[in-house]
Amino acid sequence: MKPAPFDYARARSVEHAVELLGREGARVLAGGQSLIATLNMRLSHPSLLVDINEIAGLDRIARRNGHIEIGALVRHAQAERAADIAQAAPLVARALPHIGHPAIRNRGTIGGSIAFADPAAELPACLLALAGEVEIAGPAGKRSVKADDFFHGLFETALGPSDVLTAIRLPVATRDTRVGFAELARRHGDYAMVGLAAAARANGKKLGDVRLAFFGVGATPVRARHAEEALAAGDLETGVKALDRNLDPPDDVQATGTVKKHLAGVLLCRVARQLSEPVA
Amino acid sequence: MSAHEITLTVNGEEVREAVDARTTLVDFLRDTLGLTGSHVGCEHGVCGTCSVRLDGVVVRGCLTLAVQCDGHKVETIEGASDSGALADLQETFRTRNALQCGYCTPAMLLTAAELLARGDVPSRAAIREYLSGNYCRCTGYHAIVDAVEAVARARAGATS
């Protein structure tokens, strides 16, 4: 199908984008790999698209004060090639190849994936597992929101209608950092039936600060807190059992909730193995 | 919903046209410029038949708006083919019977060319993964993977 008519404006700066977004029915256009598909299918009908692709400086990757900041317009393919991300954000590096296909990753952006907040998408779960932060510019100025407070509901986030996500910030991996990533999809590049992004800190032979962010199991990426505690106590079996309490995946076109719950346990075992080894 | 004046480079030539904001890049190329080598399949980014190069990288022509290409460089299968850069790949697709209806072929060529541009000989699994965003309904992919692998080997042999 073809999109319904809309207006289009190129933002010259973040401030200009925020100003343009003040119009009723305006939406940000970044990589467009989800948005334009929904326009073509007439699932969304904005009155104005505010194209942020030409704003200079939003495509940078920089290390600052123990964090790595990834600009909103960094393309997935650019992030895949970035040595800084491989080193400082190994969880993101592991997740990136699972996103769509090469042509999608050439155009899709890190900021777009987070802002769109598809509950079955990889990067929102990574942000949550890493306890990252989201940098936002809005009518009242700049602010940052912690990942735990960012995802509100199905495709709903802390972003207001006139807000622009400008970057995400992740803690730089250290020697003690452990990460794990696994997902099950029917075909490579499809949205996951179930996925898991995880981070922890090695403390001798034990794990601390375990954060398990499941995706494809609810309206947002979901932390499995009892399973986190069990893994920190070195008890994987209890962790898998705890998923029964922590996750309540609804049935969808991919699988029933019961199947998803079972698969979540399978993934937890795989990821626990990854967490037991240093990041290569 | 006014028309937008855009100026872009298509296959090395400057093009100036007025487009509606909602016109996708692939529709612009086909309907306005008559470049029908880029095909329209699913129109939501799944099948890959609309693949074109934007500023040197392969993108979905159905998930890019023509108006976004103002000031940018687009290359289609027509340009890539005329340049001769795909000649060995095209010839090997023919000899390996890596197409039947040909609907997916222009996009398969552009995507395979991007993989081959890395310069190594990718594994068959890596070829399949790279082409996973391009759907083919007739040849079952096997001959396509054969062709891409054969070109990678031939190019590696030719340079070593």
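In what order do the elements of chain B run from the N terminus on? In this predicted model, they run β-β-α-β-β-β-α-α-α-α-α, and the views below move from chain B as a whole to its parts, its partner chain and the contact of the two chains.

**View 1. Chain B as a whole, with its 6 helices and 5 strands.** Read from the N terminus, the order of elements is β-β-α-β-β-β-α-α-α-α-α, which ends in a run of helices. The C-alpha trace of chain B spans about 50 × 30 × 20 Å along its principal axes. A compact globule with 160 residues would have a radius of gyration near 15 Å, and the 16 Å of chain B agrees with that expectation.

**View 2. The two domains of chain B, where domain 1 covers 3-80 and domain 2 covers 84-159.** Taken over C-alpha atoms, the centres of domain 1 and domain 2 of chain B are separated by 22 Å. Where the two domains of chain B meet, 12 residues of domain 1 are in contact with 14 residues of domain 2. On the side of domain 1 of chain B that touches domain 2, the elements giving two or more residues are β3 (51-54) and α2 (77-82) of chain B. The residues on this side of domain 1 of chain B divide into 5 nonpolar, 6 polar and 1 charged.

**View 3. Two helices of chain B that pack against each other, α3 (residues 87-95) and α6 (residues 142-159).** The axes of α3(B) and α6(B) lie 9 Å apart and make an angle of about 135°, and the two helices are therefore oblique to each other. Their crossing, that of α3(B) and α6(B), is right-handed. From α3(B) the contact takes B:Asp88, B:Leu89, B:Thr92 and B:Phe93, while α6(B) brings B:Ala147, B:Ala150, B:Val151 and B:Ala154. By class, the residues of this contact of α3(B) with α6(B) are 6 nonpolar, 1 polar and 1 charged.

**View 4. Chain A as a whole, with its 12 helices and 14 strands.** The C-alpha atoms of chain A fill a box of roughly 55 × 45 × 35 Å, taken along the principal axes. For 280 residues, a compact globule would have a radius of gyration near 19 Å, and chain A, with 19 Å, agrees with this. The domain assignment of chain A gives domain 1 (7-50), domain 2 (61-170) and domain 3 (179-275).

**View 5. Domain 1 of chain A beside domain 2 of chain A, with centres 18 Å apart over C-alpha atoms.** Here 11 residues of domain 1 of chain A are in contact with 19 residues of domain 2 of chain A. Helix α1 (residues 14-20) of chain A provides the largest share of the side of domain 1 that touches domain 2, namely 3 residues. That side of domain 1 of chain A has 6 nonpolar, 5 polar and no charged residues.

**View 6. The contact of chain B with chain A, which takes 26 residues from chain B and 25 residues from chain A.** On the side of chain B that touches chain A, the elements that give two or more residues are β4 (57-60), α4 (105-116) and α5 (124-130) of chain B. Which of the elements gives the most to this side of chain B? The answer is β4(B), with 4 residues. Sorted by class, the side of chain B that touches chain A has 10 nonpolar, 10 polar and 6 charged residues.

How values were computed. Residues numbered from 1 in each chain as written. Chains lettered and ligands numbered in written order. Predicted model: local features only at pLDDT ≥ 70, side-chain atom pairs only at ≥ 80, totals over all residues. Axes fitted to C-alpha atoms, helices over the stretch in contact; angles between N-to-C directions. Parallel < 35°, antiparallel > 145°, perpendicular 65-115°, else oblique. Left-handed = near helix turned anticlockwise from the far one by under 90°. Contact = placed C-beta atoms within 7 Å. Nonpolar A, V, L, I, M, F, W, Y, C, P; charged D, E, K, R; others polar. Domains from an automatic or database assignment. Rg over C-alpha atoms; globule rule 2.2 N^0.38 Å.
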